[in-house]
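Work through the exercises below with the sequence and the model on screen. Try each task before reading its solution.

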Amino acid sequence: MSKFFQKNETILFLILLLLLVFLSFYNPQFYSIQNINSILRSSSTVMIVAFGMTILLTSGEVDLSVGALLSFVTVIVMDVINISGSLFLGFFSVFIFCFLIGLINGLVRTVLNVNSLIGTLAMMLILQGSVYIYSMAAIYNTHLIPAFTFIGQGFVYNVPMPVIIMLVILPIFVFLLNYTRYGRYFTAIGSNPFSSNLSGINNNRYKLIGFIITSLLVGIAGIILASLMDTGQQGSAKGFELIVIAAVLLGGTSFKGGSGTILGTILGILILKVIDNGIILMSIPQEFQLVVPGVILILAVYFDTLRKEKNG
Amino acid sequence: MKIVSWFLAAVITLSLAFSVSANPKRIGYIVNYGTHEWYQNVIFGLQSRADELGIELEVMDANLDINKQTQQAEDFMTKGVDVLMMTPVNEEGVVPILRKAKADGTPVVLEGNPAKGMTTLFAICDYDAGFKAGDAVGRILVSRGESEARVMDVGLPLLSATVLRSLGFMEALAQHVNAVKVHELDGSGMIDSSVEVASAALAADSNINVIYGINDGSALGGLQAWRAAGLPEDDLVVAGTGSEGLAFLNEMTKEGTPYLVEAAMFPEGVGYTGMNLAVDLFNGVDVPEHKVTPTLALTVHNFAKYYDFDKAGQKRAINFENVANIPTETKCTKYASDL
Amino acid sequence: MNYIQKYLARGEVALGIIFLIVFVFFSFASEYFFTLRNIMNVSGQLSIILIASIGFAVLLIAGEVDISIGSLLAFVAIPLIQVMNFTESVTLGIIVCLLFGAMIGLVNGFLTVYLGISSLIVTLGMLFILRGAVYLYTGQRPISDELYSDFFFYIGNGKFMGVLPYAAIIAIIILVTFIYIMNNTSYGRKLYAIGGNAEVARLAGYNIKLIKLSAFVICSVLSSISAILLASRIGSANHVAGDLFEFQVVAAVVLGGVSLVGGIGTLTGAALGVLILAVISNGLGMLNVESQWQMVVNGIIIILAVGFDEIKRRKN
Amino acid sequence: MDNNFKSLTLKNIKKEFPGVLALDDVSLEAKAGSVHALMGENGAGKSTLIKILAGAYNKDQGRILFDDKEVNIDNPNDSLNLGIKVVYQEIALIPEFTVGENIFLEKFPVNSLGIVNWKKLYNDCNNLLKKIGFNLNVREKVANLSISEQQIVEIARAIFQNASVVVMDEPTSSLTPNEIEKLFEVIENLKKNNIAIIYITHKIDEIFKIANEVTVLRDGKLISHRDIKDTSEEILIQDMVGRKVEQKFDRPVKSFDKVLMNINNISTKSKLKDISFNLYKGEILGFFGLMGAGRTELAKAIYGYDNISNGSIDIDGQTLKKFNTQTMVKNGVGYVTEDRKGEGIIKDMNLRENMSLPSLEIFEKLFTINKNKEKKISNEYIDKFEVKTPSSERLITLLSGGNQQKILLSRWLIRNLKIIILDEPTRGVDIGAKTEILRLINDLAKDGLSVILMTSEMNDLLTLSDRIIVMAGGKISKEFDRNEATQEEIFKASVI
């Protein structure tokens, strides 16, 4: 039992539970299907990218360019589908683009040996600038393909499509991190890169894969966002990278690599999103959406540090 | 005949040459957020008029960075532009620039909102634009036989300009039906955050029949949240603001869309008017403190008079003449100071 | 020959050469660039980021990081302007502003040093908290400087003898002071030692916690000075001030060869990093290059410069 | 610091780490003007003792007397204030600082404003170095110095000011014979200046040259304290190992015929020069070398962790010129590091995960790790090596060093291995686990595994190795067969 309470996930779960109980007392609307769907839908894009970010942070790296890439993806997918009229081509070009960006991020880290905090920060600048070089104007949906609209806006049995997409991806990553050797490798690389190399693991290869996976996930999230906005919008998803990273850290993944779970990440995101939602439902000034996560982040990491110290 | 045409050409050339000599040669414009569609169209209007007058227009983009805007103003003064035009990132932040420009002897024209120490300003009337949209929506509701407007206002409560729009909209609406503001939201003026906050609000209460957005992104974000919540669109009326770019034209021309009204602000017209104002200021002509630019409620029936919309090519062309002929207030009904 | 090679291998010299190339390029490319007025303007413009970068570099050298400085820029301007507006005293406003800055530095430092939370996390949290607090307090409306004093206006906008901006003078004084402190005082050397190898420093009897705490305070106080200059230049406490400022500072300082792992790098290098990015930004502006191209150019320069530096370091 | 300083006494010191009693009731007296040698195998408790003296660790029990007055040493400052100066075995310098700065690291010469007087600093440094007879550029960055020069900087730092007690931990491990002579002169000088010296070394001959008395520790216990006149090399060795060098294992002399690996003229940029040797199937090949001889570097070069600049390796008839750790693991080579904490364990993982890391493909079916099989096998090894743990799911950081080491060994044994490279496999391991590990190595070789055994424990080296290669200065200096190797000969070869 005491072991159960020592787990980071348990504490996060209790925080989430407290929030849910508190909010439902405050506003009975909180438990409406609509509201739950709204929370889950807005969580799903963050979660999809956070799965990749969990892997990256676990292996001791970070990607700050995800927000800039996300808004770039909305532009590309809308534009290519508008021009070609083909969903396949639209998605294909998004994934090619994301693959390339992930590859570059990874190569800058592994070949040029640039700290990923700096390398992806630079990539963020490059993407933020070049999206306007690609197109100054927002790209509107002129193809009007219903299937595309369905991705972000549709429902299957009352469950929003983005949530379903997230739920399809989720088990892949739970599986990847917990049941395959690759999950172990990411942990080993982040926890002790020397040891993992001495165990015959090619650290750089898996770091590269981590960057590429994260970028590809941004591709999926970007397609959802484009469908949801019905627009390819430059400058959208402002601050997205910080929310993703904060949520993953809140979920117990260490910034120094080594420990991270998908469950923790999911709980981290849900906590942040429920707070966001609660702030709107309770008509509290929306500025608190900045303050509260900041305090929670510091507290959560502090408790985590304490617990780790206790465990030696 | 030949002589006549030669004579005409000479007159035109001469008059052009004369007018050029009286005009400023170089004008610098610092836009607050140049990647936004509205400002791209403002710049288009400025450029169109500058080309007609043979003025060289240079544009810098502060990209919402108030510090950068200050630097760019200094850079323009260093370059020695004849007139400095700017849309402040915020009005309080440009007071020192105005002071510096005065010391430097550079005339300044502002766009948007008044700032302490300014000479002249060109801008739409936010309250009146919102009012015109509210009036149009009110008429639609009455024609549908409805007596109540339940409004989701996807706003930007922290900018006085956008608050004025919402206020005008609600007050006009109240003249036709019983107007209730069910949700007052902060969508940051961005479509993605508008979708997010509107989704949460609709989850709390979706008994709504009017969505108002303080710009096109907010209105579309509200509408997208409505659609993503799977709600029926038959009784809904959506009104946006700004005629920023192609967004409202695309949506408005869709079959069966609830997006019926746009409080058009004609950014190209704003730019066109602004350039004239800058020339007047340079030439020492007496300029008004606030030059009001035209606004109008656009619907699917009347937009073609002002915009030639090429949906396939995703282009729009403004009819400057028709826009200029819209009857325009000499003074706004309400200003930020009235809030 | 050996001496020359050694000299050239120093990071600052390479940066200086890059700076010269950039400078000469723009001098030829734009007629407005190489004018006294423009150069003086740029020197005033870059002082805001330079002063904060000095503090940031000092903290990085001590082995810690503070990414909350952008939010701090907006936050500490509020007491500055409010106190000025209420008491009609610029001096009092500045003192209170610096005290607020020092307080934030103490909090960041305390959480990091005494509670053992990683400084990246602490200051990431602080970034949210301070920005949120600014939004809450100001209601996202800038607070105008209503005192409208000439003195305050001149701090950020005035020029000595009409030529050299006071802001640049302040920045140069701070830069020279801190270069001196870092190189020639035992305090400065201790910062390097702690960042270079904390265990060795501990065994040499240093009070690591206190020294690190002081570095946090230095970083916050210098950022507060930047905040004062900025507030003077924009005549207000502005809720949007300093947005993404931390990224600009990180980019400049790292470009200047200050290592993220601590103990390595010089303030001269950091200043050159600031200088290069500022000159590129100004030069491209003088050439009417769109700002989105500037971002792309900056990103590429950072990757190349840091990558080049790393490769060089690995070779040694 | 105090000319009347007479002695520093440690009384009944006890220090426990999780799972290991590092010091058990140890007493020691360092007298002014005298050299007290401290001896013992690796892991005997010498390092712990000096870390307590330096204030890096806090003792659990016992008293420290300075001139018969009890003192507290809670942190490094307390220790420095008493004038206790330590020359650490691992280089403890700031690489980006100059020689002068490092020597003055504790206390820069400053004025009242805290401004450093560089002229005085470098002048004093020069004088000091000149006085003690070493020639170094005081303005050179320490990062640019050789290891032996860095050691000199360490020594100079310890003695330059206010010392009452100087502790030297293996100060000669990377010095040249010439430099060692100078160091001994320095020590003589310190003695004259009424300074007490605690001198830790493995080199027995040094002790008879400079020490006045000698204390031997073994497994954290005080074994003997003798006047130098009352002892001999034989006695000291006996004290240290607890018995005369004897055969602990059943490992008869035999000859091997099947060459498994050829190392051909390997060099690296940093250290190794032209190293060649063969490894036979089923053989234990021992490597001996003092610190800085290049043993660990050789292990890492063979294993593909560090790049080689020259040469090649043949394994099973396959010639490798460019290779990395992946190549080696695929070819059936395993490596257990000397730096268990830094390069061995994965602290965020449990025993099972640590054990299976390089061999996950064994447990894989359809991309899925069969955790039950993984548990089963790791439990087998936990039982087999008597790892003290409640379960295979325990975090590895919660285990003692010896048990961690057993897990790291198992990491390689669960897969098909041909060659294992062991770098100080018994360092920091308690005595019980140590014997088990050694027995295990012997058994593995009997089963046909080839072992490269790098150890500084002479006893283990002599009893286990079929051949012994001695390294010095990045080169192979001598090779012995099992029956011809003696301690003395090996020592001699290692100090060339």
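Two residues are in contact if their C-beta atoms, placed from the backbone, lie within 7 Å. The model is predicted.

**Exercise 1. Describe the overall build of chain A.**

Solution.
- Step 1, elements: chain A has 14 helices and 4 strands.
- Step 2, contacts: take the contacts in chain A with a separation of 6 or more; residues 24 or more positions apart account for 77% of them.
- Step 3, burial: 60% of the 312 residues in chain A are buried.
- Step 4, extent: along the principal axes, the C-alpha atoms of chain A fill a box of roughly 60 × 55 × 35 Å.
- Step 5, compactness: a compact globule with 312 residues would have a radius of gyration near 20 Å, and chain A, at 20 Å, agrees with this.

**Exercise 2. Do the same for chain B.**

Solution.
- Step 1, elements: chain B holds 11 helices and 14 strands.
- Step 2, contacts: with a separation of 6 or more, 75% of the contacts in chain B come from residues 24 or more positions apart.
- Step 3, burial: of its 339 residues, 58% count as buried.
- Step 4, extent: the box filled by the C-alpha atoms of chain B is roughly 65 × 55 × 35 Å along the principal axes.
- Step 5, compactness: the radius of gyration of chain B is 21 Å, which agrees with the value near 20 Å for a compact globule with 339 residues.

**Exercise 3. Find the order of the strands in the open sheet of 6 strands in chain B, and explain what sets its edges apart.**

Solution.
- Step 1, order: the strands of chain B follow one another as E2-E1-E3-E4-E5-E11, with parallel pairing.
- Step 2, edges: strand E2 (56-61) and strand E11 (290-292) of chain B each have a single partner strand, so one side of each has no neighbour in the sheet.
- Step 3, twist: on average, neighbouring strands are turned by 20 degrees against each other, direction ignored.
- Step 4, one pairing: strand E5 (residues 120-123) of chain B runs parallel to E11(B) and is joined to E11(B) by 3 bridges. B:Leu121 has B:His290 in E11(B) as its bridge partner.

**Exercise 4. Locate the helices H3 and H10 of chain B relative to this sheet.**

Solution.
- Step 1, H10: helix H10 (residues 267-282) of chain B packs on the sheet and touches E1, E3, strand E4 (108-111), E5 and E11 of chain B. The direction of H10(B) makes about 165 degrees with that of E5(B).
- Step 2, H3: H3(B) lies across strand E1 (26-31), E2 and strand E3 (83-86) of chain B, at about 175 degrees to E1(B).
- Step 3, length of H3: with 14 residues (66-79), helix H3 of chain B reaches 20 Å from first to last C-alpha, close to the 20 Å expected at 1.5 Å a residue.
- Step 4, cover and end: 13 of the 14 residues of H3(B) are buried. B:Gly80 follows H3(B) and has a positive phi, near 75 degrees.

**Exercise 5. Which residues and elements of chain C touch chain B?**

Solution.
- Step 1, count: 29 residues of chain C are in contact with 24 residues of chain B.
- Step 2, elements: helix H3 (36-61), helix H7 (150-157), helix H11 (208-234) and helix H13 (267-286) of chain C give two or more residues to this side. H3(C) gives the most, with 5 residues.
- Step 3, class: this side of chain C has 9 nonpolar, 15 polar and 5 charged residues.

Conventions:
Residues numbered from 1 in each chain as written. Chains lettered and ligands numbered in written order. Predicted model: local features only at pLDDT ≥ 70, side-chain atom pairs only at ≥ 80, totals over all residues. Nonpolar A, V, L, I, M, F, W, Y, C, P; charged D, E, K, R; others polar. Rg over C-alpha atoms; globule rule 2.2 N^0.38 Å. Buried ≥ 20, exposed ≤ 12 C-beta atoms within 10 Å, placed from the backbone. Expected span 1.5 Å × (residues − 1). Pairing = 2+ DSSP bridges. Axes fitted to C-alpha atoms, helices over the stretch in contact; angles between N-to-C directions.
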